[in-house]
Amino acid sequence: MSIILKRSLRTPGLLKVCYSSSSQSGDATAKTIPKNLVEDKQTAVLQKENGVIFDKRPFKIHLDKDKTYSWCLCGKSKSQPICDGTHKNEFLKIKLRPIRFKVEKSGDYWLCNCKQTSHRPFCDGTHKQPEIQAAVK
Ligand code: FES
């Protein structure tokens, strides 16, 4: 049984998404998309624009439930997928701000690295779209 399936059994309230294609990036055929516990406590989530595509695959990272993280939305951080403050460089004229997030349980999570997800900061499979796969060689 996969780790992802175990996680969904422990947290039955999470949204379940099924993917039809096989894995290119460690994705399973069925995944749950975690919830950002601080999503309603910030205005950054209201930004309609997405950042530049950094990679065509998500990034697996271990997250602690007691920490608040900042996910890079602009796609310019050198510490992907976490924000390193690059968006503050006035010469780059970046208007996008990072998404602060917190997870319910400590564990491994797939964070979006294509910056096009609809479930920021978590990968929702959007990176499988042909235009995203073609954007990064
Ligand atoms: S990396 Fe999967 S949706 Fe962005």
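The following exchange introduces the confidence, core and one residue of this structure.

Colleague: What is the mean pLDDT of the chain?

Modeller: This is a predicted model, in which local features need pLDDT of at least 70, side-chain atom pairs count only at pLDDT 80 or more, and totals for chains, interfaces and linings use all residues. Residues are numbered from 1 along each chain as its sequence is written. pLDDT is the predictor's confidence in each residue, from 0 to 100; 77% of the residues reach 70 or more, and the mean for the chain is 83.

Colleague: Which strand gives the most to the largest nonpolar core?

Modeller: A nonpolar core is a set of buried Ala, Val, Leu, Ile, Met, Phe, Trp, Tyr and Cys residues joined through C-beta atoms within 7 Å. The largest one has 17 residues, of which Trp71, Leu111 and Phe122 touch the most other members. Two or more residues come from each of strands E4 (69-71), E5 (99-101) and E6 (107-111), strands being DSSP runs of at least two residues, numbered from the N terminus. The greatest contribution, 3 residues, comes from E6.

Colleague: Is Val136 buried, exposed or partly exposed?

Modeller: Val136 lies in the segment after helix H2 (130-135), a helix being a DSSP run (H or I) of at least four residues. A residue is buried if 20 or more other C-beta atoms, placed from the backbone, lie within 10 Å of its own, exposed if 12 or fewer, and partly exposed in between. Because Val136 has 13 C-beta neighbours inside 10 Å, it counts as partly exposed.

Colleague: What separates the C-alpha atoms of Val136 and Asp55?

Modeller: Not counting residues up to four places away in sequence, Val136 touches Ile53, Asp55 and Lys56; contact requires C-beta atoms, placed from the backbone, within 7 Å. Val136 and Asp55 are 81 residues apart along the chain, yet their C-alpha atoms are separated by 6.3 Å.

Terms used: Two residues are in contact if their C-beta atoms, placed from the backbone, lie within 7 Å.
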